Every structure is written in structure tokens, then in C-alpha cells.
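Biologist: Please give me a close look at the pockets. What lines them, and what sits along the helices and loops that build them?

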Amino acid sequence: MVNSEIKYRTINAVRKVLFLILGVVSFLYWIVCIAFAHIGVSWLWIWPAFSAFCFLRWFMIRRKITVPKWLGITYFVLLSVFLGAFCCIESRVISYMNAEPPAGLDYVITLGAAVRDGKPTSPLVFRIEKTAEYLADNPSAKAIASGGKGPAESMSEAECIREYLLEDGIDDSRILLEDRSSDTQENICFSFQLIPEGASVGIVSNSYHLYRACRIAEENGYQVSAIPAVTLLPLGIHYTVREFFAVAEMELKGLM
């Protein structure tokens, strides 16, 4: 009986410390993300929400607050399902992050990202750089700059990609524009309208985004190769975690 009580207290002490550490780290990471980007980054709220959850669990353990048995079982089941789905999807996302693109592709689709004040944001910069690198190594390949003009953008993402590829020494004849799309689904479908049937195609995007992009392409009947661009810390962690929710949402809607 004494040993069981000691074991119970030890487990609770470990849980209490774990939740406190996770809560603090999550909150601090949220602050860091805001400092490096801005509070408008999509899904950024998950970090303060997770932090609040951890602090609540810490408080409950510290105060020895108990809940009805049925609620505890429901919580455990839902948490187990969530963690299982999270690990499953994230393992797929990570598997695409170090993909080795084949040489000699006919076309590469560069997926657009936000443009601010006529300049590409960091994620888009790395997509453009990776595209320029692939085109330089494969002189017969052409690029499709894909992305429309958002309400807060002064130019289309496609045109921004094109301008920076020209600055990187890529000939204008090797760049095609797809400037109508507003999301990844449209990026891919509209871009393939510019590609002759039977051509080999790669998709250039930040590494965290490639699993979802390639899955969307495959679900629409297109065979593609992944060409991962750099994903920088600290926001790379957020973007990788965010992909779980984006992929899960599309799975639930039956789009993947």
C-alpha cells in the first residue's frame, strides 16, 4: 500500500513538472514566432491554446482536482486518437522533407506564397532559390510560377516569382505564369493546364508543405516529384505542426 502511494505521488510529480515545462515552452515559442513573423500567421493560436491546456492540467494535478470517471475515459480516448493521428500524419510530412528530386524533369511548378510590399516573404524566397538551382542544373527544364494576387498583395505571387527568377539569371522563355490560383489545389490544377500530357513534373515548395502538395496532385491524377526548399527555424516548427491540421482538414473533407 505504501509503495503504491509512493508510486502514485511520483507519477503525479512527473506529470506536474512535464505539463508546467510544456506550458512555458509553448507560450515562449508563441512569442518567438510573433517576433520573427507576425501575429497573423495562420494557426499560430495553437501554441497559446496548447499552453493554456498544459497550465490547466498542471493546476488540476497540483490541486488534486478530479473529474467524473466517464469524463476521464472520454479525455483519454480522444487524446489517444489525436496523438495517433498526429504521429501518423506528421511522419508522412517529415518523410517528404528530405526527398531527392530526380534530374531531367520537364517542368517544375513553384508554388506561390505571400508577397509583401512587392517582395517575397521568406518561405517564397526559398522556393524561388530552389527553383533557380534546379533550372540551373537542368537546362532543359521549365518553371511554372504559380500564384494569384491576394487582397493585401501589390502583385501576383506568380509575377513575383518570375521577377526573382530573372534576377537569378533564368531566361524568360523558361518561365510560364499561372496567376489565377488562390490555394494549393488551384496552384496545381491550373498549372497542369499549361503542361503537355506525358511531361515529367516536379513541385517546388518548402519542405513541410510538400507532402500535402504532392498528395493533392496525386488525388487529381497527376504524377509529380517533390523538390523540397529550405524550411528555417524557428517558424519551421510551427509550419510543420500546422501541416497536421491542414492535412487532417482535407482528409475529413474528402479532398485527399
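Modeller: I will take the second largest pocket first, then the largest one, then a few details around them. The model is predicted, so local features need pLDDT of at least 70 and side-chain atom pairs need 80 or more, while totals for chains, interfaces and linings use all residues. Residues are numbered from 1 along each chain as its sequence is written, and side-chain values use heavy atoms, without hydrogens or water.

The second largest pocket has a volume (space filled by probe spheres set on the grid points) of about 640 Å³. Its lining has 19 residues, and those closest to the centre are Phe50, Phe53, Leu79, Phe82 and Leu83. Helices α1 (2–36), α2 (46–62), α3 (69–95) and α8 each give two or more residues to this lining. Helix α3 gives the most, with seven residues. A pocket is an open set of points on a 1 Å grid where a 1.4 Å probe fits, with protein on both sides within 12 Å along at least five of seven lines; lining residues have an atom within 4 Å of a point. Helices (at least four residues) and strands (at least two) are DSSP runs.

What is the lining's character? It divides into 19 nonpolar, no polar and no charged residues.

Stay with Phe82, which is found in α3. Phe82 counts as partly exposed because its relative accessibility is 36%; buried means under 20%, exposed over 50%. Phe82 also belongs to a nonpolar surface patch of about 720 Å². Its partners there include Ile73, Tyr75, Phe76 and Leu79. (Patch residues have over 30% relative accessible area and no salt bridge; nonpolar side chains are joined within 5 Å, like charges within 9 Å.)

Next, the loops beside these helices. Trp43 lies between α1 and α2. Its phi is near 65 degrees, a positive value in a residue other than glycine. Trp43 is partly exposed, at 27% relative accessibility. Lys64 sits in the loop between α2 and α3. Lys64 is not a glycine either, yet its phi is positive, about 55 degrees. At 71% relative accessibility, Lys64 counts as exposed.

Now the largest pocket. Its volume is about 1200 Å³. It is lined by 49 residues, with Ala113, Ala114, Pro123, Tyr239 and Arg242 nearest its centre. Elements giving two or more residues are β2 (115–116), β3 (119–120), α4 (122–137), α6 (184–192) and α8 (235–253). Helix α8 gives the most, with seven residues. The lining has 21 nonpolar, 17 polar and eleven charged residues.

What comes between β7 (225–229) and α8? A loop that holds Pro234. A cis peptide bond joins Leu233 and Pro234, with omega about 5 degrees.

Finally, α4 carries a salt bridge between Lys130 and Glu133 (3.4 Å, N to O). Here a side-chain nitrogen of Lys or Arg lies within 4 Å of a carboxyl oxygen of Asp or Glu. Lys130 and Glu133 are three residues apart in α4, about one turn of the helix. Lys130 is partly exposed, with a relative accessible area of 21%. Glu133 is partly exposed too, at 42%. A search of the whole structure finds six salt bridges. One of them pairs Glu159 with Arg162, their closest N and O atoms 3.0 Å apart. Glu159, Arg162 and Asp172 are linked in a network of salt bridges.

Technical notes. Ala, Val, Leu, Ile, Met, Phe, Trp, Tyr, Cys and Pro count as nonpolar, Asp, Glu, Lys and Arg as charged, and the others, Gly among them, as polar. Accessible areas come from the Shrake-Rupley method with a 1.4 Å probe; for residues, only the protein chains shown count as cover. Buried means under 20% relative accessible area, exposed over 50%, partly exposed in between (1.4 Å probe, protein chains only).
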